[in-house]
Amino acid sequence: MKMQNKSEVLLSIIIPTRNRTSYVIAAALQVLENTSDKVQVVLQDNSDDEGLMDFFKNSIFLERIKYNYSPGILSFVDNFSKGVEISDGEYLCMIGDDDGINPEIEKVVFWAKENNIEAISPDISLNYIWPGVGINYYKKDSGNLMIIDFDSEVKIFDSKSELNKLLSTGGQNYLRYNLAKIYHGIITKSAMDKVKSITGKYFGGLSPDIYGAVTLSLVVDKVLKINYPLTIPGVCRKSGSGHSSTGRHHGELDTAPQLAGHDNYQWSYLVPRFYSVETLWADTALAALTEMKRLDLVEKFDVATLSAYCYKNYKEFNNYTDVNYDNYCQINRFGNLIKTFKLFNGYIKGPINDLIVRIKGRLKRGNNSIENHQDIQNINEAYLVFNDYLKRKNYSPFKNLK
């Protein structure tokens, strides 16, 4: 079959997937139908069979698809890595198999190439909930799109400074900081190759999205932050985000689904031994620093703030948090007064600051800054609603791009 000329691929949209055929087909078609032949879709498939590719065998888009099937038990991390490995694009963007894109991403990437920009961090201010997820926030569970108003503000950030902010909060809320990233971000493949040249792999830890954000922020000096969505995050019933939203995303460490495909995984001694969003982020951030040979930055990781999050959100695992925080304080020879003070300060920097940020955000946005749309059946319908929103508002990503 005819394939794209590798030298002509500007952007690869990488979609790792496993046993979610209907979602990934919708995601792939949404990209292919709304972009040019400069954009490649990479399908890295770890499903139980190769049925996914049967759908595209006679597709007009076949030459723009790079498909790789990896049978057997494969970790999330390895599935992500294989997707990057086979990508041909000069720039890469990775999305989930229940996500979509704003097609303007293609023009923005072309602009980035013309202006020698290595990393772009677009704003995430919309979210699509597929039908049947079971999130109680919405009155109807029939497919919901939330759009939070945004501007097109553009600013350059120093990636190392942003990474230090992340470490000072125990590896939490990584999307709040302006880090280089590939997952719902844009990065050159050459930057990903720099990471691999140091670590021997593209991704590690248990959470490839934050691993990529940490490692890429160590090999890229500057990040262009644009307050404009270029991807559409989605949540389906089978996704990790869906589990988190319905309270099914934490438990004993040995039952963590992220451990599948990892033999003898070494969990960080600085992180309580149970799995949750917070502990997975923390452990993976530390794994990224260690594998990038930046032990000096490991010392900046704030265990007290991580502990504050764990105490607040997972009281049923307080015994694990107690053991972890006590060991950390003993290793550093902190007396009871310093131990208590650091934990108190961790609550202020962590959960209390989060509450303040949320309140400020609501006040800043006002009552008319959020639109909710119901009865949206798939990711392409979500894109069409969002595209109508952009036209109504006369919004463009190039308002402040010079």
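How many bridges join β1 to strand β2, and do the two run parallel or antiparallel? In this predicted model, 7 bridges join the two strands, and they run parallel. Strand β1 covers residues 11–17. Strand β2 covers residues 39–45. One of the contacts can be named: leucine 11 in β1 has valine 39 in β2 as its bridge partner.

A helix belongs to this arrangement as well. Helix α1 spans residues 21–32. Together, β1, α1 and β2 make a β-α-β unit, and the unit is right-handed.

Strand β1 also pairs with strand β4, which comprises residues 91–94. Here 4 bridges are found, and the strands again run parallel. Isoleucine 14 of β1 has methionine 94 of β4 as its bridge partner.

The side chains of β1 were examined next. In a regular strand, side chains alternate between the two faces of the sheet. In β1, Leu11, Ile13, Ile15 and Thr17 point one way. Ser12, Ile14 and Pro16 point the other way. Residues of both sets are buried. The strand is thus mostly covered, with 7 of its 7 residues buried.

Aromatic contacts were then searched for across the whole structure. The search finds 17 aromatic pairs. One of them joins phenylalanine 150 and phenylalanine 386. The ring centres are 6.3 Å apart, the planes meet at 50°, and the pair is tilted. Phenylalanine 150 lies in the loop between β8 (144–148) and β9 (154–158). Phenylalanine 386 lies in helix α14, residues 379–393. The pair therefore ties together parts that are 236 residues apart in sequence.

Both partners are shielded. Phenylalanine 150 has a relative accessibility of 6%, so it counts as buried. Phenylalanine 386 has a relative accessible area of 0% and is buried too. The cut-off for buried is under 20%.

Phenylalanine 386 has a further aromatic partner, tyrosine 389. Their ring centres are 6.4 Å apart. Their planes lie at 15°, so this pair is stacked. Stacked pairs have planes under 30 degrees apart. Phenylalanine 386 and tyrosine 389 are 3 residues apart in helix α14, so about one helical turn separates them. Tyrosine 389 is buried, because its relative accessibility is 2%.

These residues belong to a wider group. Phe150, Phe386 and Tyr389 form one aromatic cluster with Tyr228 and Tyr395.

Definitions and conventions: Residues numbered from 1 in each chain as written. Predicted model: local features only at pLDDT ≥ 70, side-chain atom pairs only at ≥ 80, totals over all residues. Heavy atoms only, no water. Buried < 20%, exposed > 50% of the residue type's maximum accessible area, 1.4 Å probe, protein only. Pairing = 2+ DSSP bridges. Right-handed = clockwise from strand over helix to strand, strands pointing away. Phe/Tyr/Trp six-rings, centres within 6.5 Å; stacked < 30°, edge-to-face > 60°.
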